[in-house]
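This report describes one protein chain together with its bound ligands. The model is shown first, and the account of its parts follows.

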Amino acid sequence: MKIGVLCSGGDAPGMNACLRSVVRAAVSDGHSVVGIRHGYQGLLDEHFYGDESTGKAAPVMSARSVSHISERGGTILSSSRCQQFRSDNGVRMAVSMLDRHHFDALIPIGGDGTFRGAAALSKAWSGQVIGCPGTIDNDLIGTDFTIGFATAVQTAVDCIDKLRDTAESHSRLFLVEVMGRHSGHLALYTALAASAEIACVPEVAVIAAKVSVRVQLLKSLGKHSIIVVVAEGNREGGALALQEKLKESDCPYDTRAVILGHVQRGGSPTPADRILATRLGDFAVRSLAGGTSGMMAGQQNGRCVLVPFEETFSKHKPLPEHQIELLDRMSC
Ligand SMILES: Nc1ncnc2c1ncn2[C@@H]1O[C@H](COP(=O)(O)OP(=O)(O)OP(=O)(O)O)[C@@H](O)[C@H]1O
Ligand SMILES: O=P(O)(O)OC[C@H]1O[C@](O)(CO)[C@@H](O)[C@@H]1O
């Protein structure tokens with residue numbers, strides 16, 4: 001088989017480990033792999049990994065071409081958010097490119113948007129499409145965790161541990177904004193791991209007045225410092241907006257807002273992300289041999305599973321309720 005592989009949407013730590021796994025598994029099973037640059041944009045532009053240096057159209061990636069990339073953040077293939085691919089015409093163009101270059105299968109690595117695109121492609125194209133979940137958002141149903149999530153939590157926790165030092169020294173309240181436009185997984189796991197007092201997530205209607213009451217209570221319990229983790233998609237706004245509202249409600253602490261931003265997407269993946277990426281890349285390649293298509297390769301309770309693309313994004317992945325309660329109980 002000739003397999004195309006691409007990274008799409010926001011980059012996530014572990015995408016390189018997944019790419020290495022796809023290439024090594026394919027070589028081991030006698031397939032050839034071509035890397036596509038810049039996600040779906042590369043499908044439309046016929047932009048392949050290595051074609052700049054070899055001058056060859058669609059050069060095959062050797063096992064050695066992916067040596068020592070697992071530890072690197074970002075993606076060596078480059079990623080993109082490609083508007084043109086969202087249209088029927090964009091998908092048709094991609095199909096004709098894949099056929100012109102005689103691809104048999106495609107492995108897109110990305111988040112929910114990437115899988116929406118993959119679902120459209122697998123309906124329009126006769127080749128096989130199997131996706132690997134790569135996003136720091138952990139917002140895909142059908143896999144316990146997405147590649148990159150664990151590293152992003154680690155990065156955010158490292159930052160908050162440092163902020164706690166200064167928060168304690170100055171008796172301050174820090175509002176720390178983490179990524180997550182529609183999903184609070186990153187905010188909730190970060191808050192729990194960093195022993196934050198409060199998490200404001202898009203899934204729960206956290207109003208500033210309620211946060212304020214909670215903060216007053218924590219003050220009365222003798223807390224020197226408070227960390228509030230705010231998902232960027234929080235309904236009352238991000239960290240800066242919430243800071244303004246808290247000030248209006250007589251917050252008993254001096255407050256500061258910190259936006260972690262894209263720092264959460266970078267850096268070397270944790271061992272957990274490297275292992276997840278390696279398992280899922282290998283599983284995606286092995287699943288192709290069975291003729292499977294239109295599926296995500298995920299991991300549930302330690303087992304590799306195949307989940308139809310539509311199931312991964314058609315519903316919102318719920319937050320673990322018990323973790324919300326746990327955070328509340330621990331913060332007093
Ligand atoms: N409904 C859709 N139909 C076709 N293609 C889509 C659709 N939605 C998204 N895509 C394609 O997938 C790409 C990646 O999607 P998006 O930008 O939403 O990132 P993502 O995969 O969700 O990753 P992240 O979680 O990091 O944001 C888009 O740029 C677009 O090319
Ligand atoms: O790089 P961009 O386009 O600013 O993307 C930001 C978005 O991507 C994500 O980080 C996922 O990768 C979201 O949490 C965030 O809202």
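The confidence that the predictor assigns to each residue, on a scale from 0 to 100, is called pLDDT. The present model is predicted, and its protein chain has an average pLDDT of 96. A score of at least 70 is reached by 100% of the residues. For the complex, the predictor reports an ipTM of 0.98 and a pTM of 0.97.

**Annotated domain**

An unreviewed UniProt entry lists residues 2-286 as "domain: Phosphofructokinase". Within residues 2-286, helix accounts for 42% of the chain and strand for 15%. The C-alpha atoms at the two ends of this stretch are 14 Å apart.

**Ligand surroundings**

Ligand 1 is surrounded by 18 residues, of which Gly9, Gly10, Gly111, Gly113 and Gly117 are the closest. Helix α5 (residues 112-124) supplies the largest share of this shell, namely six residues.

Around ligand 2 stand Gly10, Arg81, Thr135, Ile136, Asp137, Met179, Gly180, Arg181, Glu232 and Arg265. Where does ligand 2 lie with respect to domain 1 and domain 2? Ligand 2 lies between them, because domain 1 (2-148 + 269-312) and domain 2 (149-266) both contribute residues to its shell.

The make-up of the two shells by residue class is as follows.

| Shell | Nonpolar | Polar | Charged |
|---|---|---|---|
| Ligand 1 | four residues | nine residues | five residues |
| Ligand 2 | two residues | three residues | five residues |

**Helix α10 and the hairpin that follows in this account**

Helix α10 (residues 271-289) has 19 residues, and at 1.5 Å a residue it should span 27 Å. Its end C-alpha atoms are 28 Å apart, which agrees with that expectation. Glycine 291, just after α10, adopts a positive phi of about 85 degrees.

Strands β9 (residues 295-300) and β10 (residues 303-308) are paired in the antiparallel sense through six bridges. In this pairing, methionine 296 is opposite valine 307 of β10. The hairpin of β9 and β10 has two residues between the strands, and asparagine 301 in this hairpin takes a positive phi near 45 degrees.

Terms used
Residues are numbered from 1 along each chain as its sequence is written. Chains are lettered from A and ligands numbered from 1 in the order in which they are written. This is a predicted model: local features need pLDDT of at least 70, side-chain atom pairs count only at pLDDT 80 or more; totals for chains, interfaces and linings use all residues. A residue is near a molecule or strand if its C-beta atom, placed from the backbone, lies within 6 Å of it. Helices (H or I, at least four residues) and strands (E, at least two) are DSSP runs, numbered from the N terminus. Ala, Val, Leu, Ile, Met, Phe, Trp, Tyr, Cys and Pro count as nonpolar, Asp, Glu, Lys and Arg as charged, and the others, Gly among them, as polar. UniProt positions are given in the numbering used here, feature names are shortened, and annotations may be inferred rather than shown by experiment. The expected span of a helix is 1.5 Å times one less than its number of residues. Domain bounds come from an automatic or database domain assignment. Two strands pair if DSSP finds at least two bridges between them.
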